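Here is a short report on empty space and selected buried positions. Keep the structure open while reading.

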Amino acid sequence: MKAEIISIGDELLIGQVINTNATYLGTRLGEIGIGVDRVTTVGDAKGAILRAFKRAWAEEDVVIVTGGLGPTHDDISKAVVAQFFGKQMKLHAPTLTAIRKRFSKAGYAKMPESNIGQAMIPTGFQVLRNHVGTAPGLLYSEKGKTFVILPGVPHEMQWIMQDSVLKYLRNRYKGKGLEVIRHRTLLTTGIGESSLAELIGDVKDILEPGATLAYLPKSPIVRLRISVRGKSERAVALTMLGVEIRIRCKIAKFIYGVDDETLQSAIVDTLRETQSTISTAESCTGGLLAAHITSVPGASDVFKGAVVSYDNEVKIRELSVSKNILKKHGAVSEEVARLMAEGVRKKLGTTFGLSITGIAGPTGGTRAKPVGTVWIGLAQSGHKPIAKRFRFIGDRSAVRERSTINALDMLRRRIHDL
């Protein structure tokens, strides 16, 4: 079974709105065994919409359209659908009643006349109720194929999919070619895409029939998505397990989590399990490292606090960094990074102290210390503080983000003794 997702709206084409609907639909369809062949985005132009409908309906088993069901003049999707299938538009009284009730419940004395159009339905289409908005979804089935059109508002589209569309598709195509499709993503950091590929080697030695591997880099993280298709949950699960084990055998030390897990959540969990605590000292990242850690629910169990020592006087006063060291080596140096990490660890009484000092740019760099030069320090109770130099490429935001992720990874490696 194959599907196409068609997203309608000028706002998508000009980049004003990110197409999260396609991501959601692709995931949900895959979960019930319907693979997505193509995602198409078209503007609010009748000709373009008709061409997209014609191709998709000819080539796919399932077509799901989002957008253009609103009450304004540019919401033409439903009229184009009616034209494409040669259907007449007819007022659907139950839908009109539901829309009126929704406006009344919201405190309106009268429903705008323009919303009446949302109750006009092409004959032969099934109306899909929408309890979180005014525009209903529509469904049409013919010769084993299914055409669905849904509101473009994400929470409305998702509600209708969960309430009716997914159930319909499961029942409609049960026993008719639905596959089990599963994905699992291994999350890595501390290594680039090409280096990962070299370590993993020829994918023919890793994969099995029905399995694929995709590299999805977004520096400083590279995601490895394993996708498996099969006839049963058991067969897919066994294939997935085998592929993952073979990958882990080659790159285990770079993997920090799976699927939606974040590096900071993995670290907080490990610190909690080992009854360890962490504090941070930051210069160029200005508190971003602390923000990442505290974004995790329950981080207060392990995170004790931070010192944002943007100015050298704060490094001296709050972190016990020597004036002489600062004068001799500069704030962006191995010596200062070590002293910052140990200083905050002692000040806040934590197991670990993590520090970042660098030049985020776009100004402030020199030949010896160009923009993007960053030192990350790590202190641990009972151990000598260490520091590592990095050179990050990118704008100010990229340097700060990469500094933060690499600091977290440095801590992860120390905790796991990697």
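## Buried positions and open space

Gln 264 sits in helix H9, which spans residues 263–273. The model is a predicted one. Gln 264 has a relative accessible area of 11%. The cut-off for burial is under 20%, so Gln 264 counts as buried. What does Gln 264 touch, not counting residues up to four places away in sequence? Its partners are His 292, Ile 293, Ser 295, Val 296 and Leu 408.

Leu 326 belongs to helix H12, residues 323–329. Its relative accessibility is 9%. That value makes Leu 326 buried. Neighbours within four places in sequence aside, Leu 326 is in contact with Asn 312, Lys 315, Ile 316, Val 321, Ala 331 and Val 336. Phe 147 is another matter: 179 residues separate Leu 326 from Phe 147 in sequence. In space, the two lie 68 Å apart, C-alpha to C-alpha.

Glu 156 is placed in helix H6, which covers residues 154–173. Glu 156 is buried, yet it has no salt bridge. Which side chain of opposite charge is nearest to Glu 156? Arg 102 is, at 6.3 Å. A salt bridge needs the charged atoms within 4 Å. Leaving out neighbours within four places in sequence, Glu 156 contacts Asn 130, Val 132, Gly 133, Thr 134, Ala 135 and Pro 151.

### Pockets and cavity

Now to the empty space. Rolling a probe the size of a water molecule over the atoms reveals where space is left empty. The table gives the volumes.

| Space | Volume |
|---|---|
| Largest pocket | about 600 Å³ |
| Second largest pocket | about 290 Å³ |
| Largest cavity | about 30 Å³ |

Take the largest pocket. Its lining is made of 20 residues. Nearest its centre lie Gly 26, Thr 27, His 183, Arg 225 and Ser 227. Four elements give two or more residues each to this lining: helix H2 (20–31), strand S2 (35–42), strand S9 (180–189) and strand S11 (221–230). Which element gives the largest share? H2 does, with six residues. By character, the lining of the largest pocket divides into seven nonpolar, nine polar and four charged residues.

The second largest pocket has a lining of 15 residues. Ala 98, Ile 99, Asn 130, His 131 and Gly 133 lie nearest its centre. Asn 130 and Gly 133 also appear among the contacts of Glu 156. Helix H5 (93–105) and strand S6 (126–128) each supply at least two lining residues of the second largest pocket. H5 gives the most, with seven residues. Six nonpolar, five polar and four charged residues make up the lining of the second largest pocket.

How many cavities of 30 Å³ or more does a search of the whole structure find? It finds one. Leu 69, Lys 78, Gln 118, Ala 135, Pro 136 and Leu 138 line the largest cavity. That lining divides into four nonpolar residues, one polar and one charged. Ala 135 also ties back to helix H6, as one of the residues in contact with Glu 156.

Conventions: Residues numbered from 1 in each chain as written. Predicted model: local features only at pLDDT ≥ 70, side-chain atom pairs only at ≥ 80, totals over all residues. Heavy atoms only, no water. Buried < 20%, exposed > 50% of the residue type's maximum accessible area, 1.4 Å probe, protein only. Lys, Arg positive; Asp, Glu negative; His and termini not counted. Contact = heavy atoms within 4.5 Å. 1 Å grid on protein atoms, 1.4 Å probe; cavity = no way out; pocket = protein on both sides within 12 Å on 5 of 7 lines; lining within 4 Å. Points joined across faces, edges and corners; volume = space filled by probe spheres on them. Nonpolar A, V, L, I, M, F, W, Y, C, P; charged D, E, K, R; others polar.
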